Amino acid sequence: HVLVTHTHRDHLDAPAQQALAGAQTAVRFVGPPTVTDRLVELGIAPERLTTIVPDQSVRCGDVTVTAVPARHRPTTPDAQGYVLVAPTTSVYHTGDTELDDCLDHARGLHPHVLLVPINGRKGNMTAEQAATLAHRLAVPVVVPVHYGCLQPVDDLLERFLAAMAATVGPTRVALMDPGSIALLPFAVPAP
């Protein structure tokens, strides 16, 4: 399953989605209405698409995926994140979003791992706001994302780490190199 949070090209890469759909006929796509509409326009068969909106869930194998609202930009009114609940762990990917009370919907799903943007531009939370969300959700592990790529700012990771160090709580930061793969449950070495 491919989960798409919104239609911006860094999240819905049209050529990649088309190539994947053509090469892997078993792949299914999940997203909000604007995403599934766009995928139909790209020639992906409707029976391979599942449209979900916040607070709706879908089973993807042995994983339950629940959509969580996001507040990104006016051009993406149905942007959303996802909480994936697997037998041994759960992951909340916020998608692109600003810090907003709507993100607290994920709290009731008890995510173990939070993937959160820290770039602070174009409808995303700042490094400090991402640390605030990790603290509010009291997740055991947080993985900062969406930095050092489209809008490179040299000190984003350092600011995020400093903000995390300033918060009191059980959350640990896990850093991933671009292109690396993490297997769940996500092991984080003790400090």
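How many of the seven residues of strand β5 (residues 63-69) are buried? Select that strand and have a look: six of the seven are buried, so β5 is largely enclosed by the rest of the structure. Keep in mind as you go that you're looking at a predicted model.

**Stop 1: around β5**

Leave β5 on and add strand β4 (residues 57-60). These two pair in the antiparallel sense over four bridges. To find one of the bridges, pick C60, whose partner in β5 is V63. Two residues sit between the strands of this hairpin, and G61 takes a positive phi near 65° there.

Now bring in strand β6 (residues 80-85). It also pairs with β5 in the antiparallel sense, this time over six bridges. Click T64 and then V85 in β6, its bridge partner.

**Stop 2: the open sheet**

Next, jump to the start of the chain and select β1, β2 and β3. You'll see an open sheet of three strands in the order β1-β2-β3, with parallel pairing. β1 (2-3) and β3 (49-51) stand at the edges with a single partner strand each, so one side of each has no neighbour in the sheet. Zoom in on β1 and strand β2 (residues 29-31), which are joined in the parallel sense over two bridges. V2 is a good residue to label here, along with F29, its bridge partner in β2.

Turn on helix α2 (residues 33-41) too. This helix lies across β2 and β3, running at about 155° to β3.

**Stop 3: helix α1**

Stay in this area and select helix α1 (residues 14-23). Which of its residues are buried? Colour A14, Q17 and A21 to see them. Look down the axis of α1: the buried residues fall within an arc of 65°, so they line one face of the helix. They pack against β1, β2 and α2. Swing round to the face turned away from the buried side, and you'll meet the exposed residues P15, G22 and A23.

**Stop 4: the cores**

In soluble globular proteins, nonpolar side chains tend to be buried together. To explore that here, show Y92, L114, V116, L133, V142 and F160 as sticks. Of the 22 residues in the largest nonpolar core, these touch the most other members. Elements giving two or more residues to this core are β8 (113-117), α3 (127-137) and α4, with the largest share, six residues, coming from α3.

Centre the view on L133. Leaving aside residues up to four places away in sequence, L133 touches T94, L99, L103, L114, V116 and M125. A second, separate core has twelve residues, including V4, A21, F29 and I44. You've already met two of those: A21 is a buried residue of α1, and F29 is the bridge partner of V2.

**Stop 5: two helices, packed**

Finish with α3 and α4 together. What is the angle at which they pack? It is about 35°, and their axes are 8 Å apart. The crossing is right-handed. Show side chains where they meet: A127, E128, A130, A131 and A134 on the α3 side, and L156, R159, F160, A163 and M164 on the α4 side.

One last click: L161, in helix α4 (residues 156-166). L161 is partly exposed, with a relative accessible area of 34%. Draw a distance from its C-alpha to that of V173, twelve residues apart in sequence, and you should get 7.7 Å.

Notes:
Residues are numbered from 1 along each chain as its sequence is written. This is a predicted model: local features need pLDDT of at least 70, side-chain atom pairs count only at pLDDT 80 or more; totals for chains, interfaces and linings use all residues. Side-chain values use heavy atoms; hydrogens and water are left out. Buried means under 20% relative accessible area, exposed over 50%, partly exposed in between (1.4 Å probe, protein chains only). Two strands pair if DSSP finds at least two bridges between them. Contact means heavy atoms within 4.5 Å. Axes are lines fitted to C-alpha atoms, for helices over the stretch in contact, and angles run from 0 to 180 degrees between N-to-C directions. The arc is that of the directions from the helix axis to the C-beta atoms. A nonpolar core is a set of buried Ala, Val, Leu, Ile, Met, Phe, Trp, Tyr and Cys residues joined through side-chain atoms within 4.5 Å. A crossing is left-handed if the near helix is turned anticlockwise from the far one by less than a right angle, and right-handed if clockwise.
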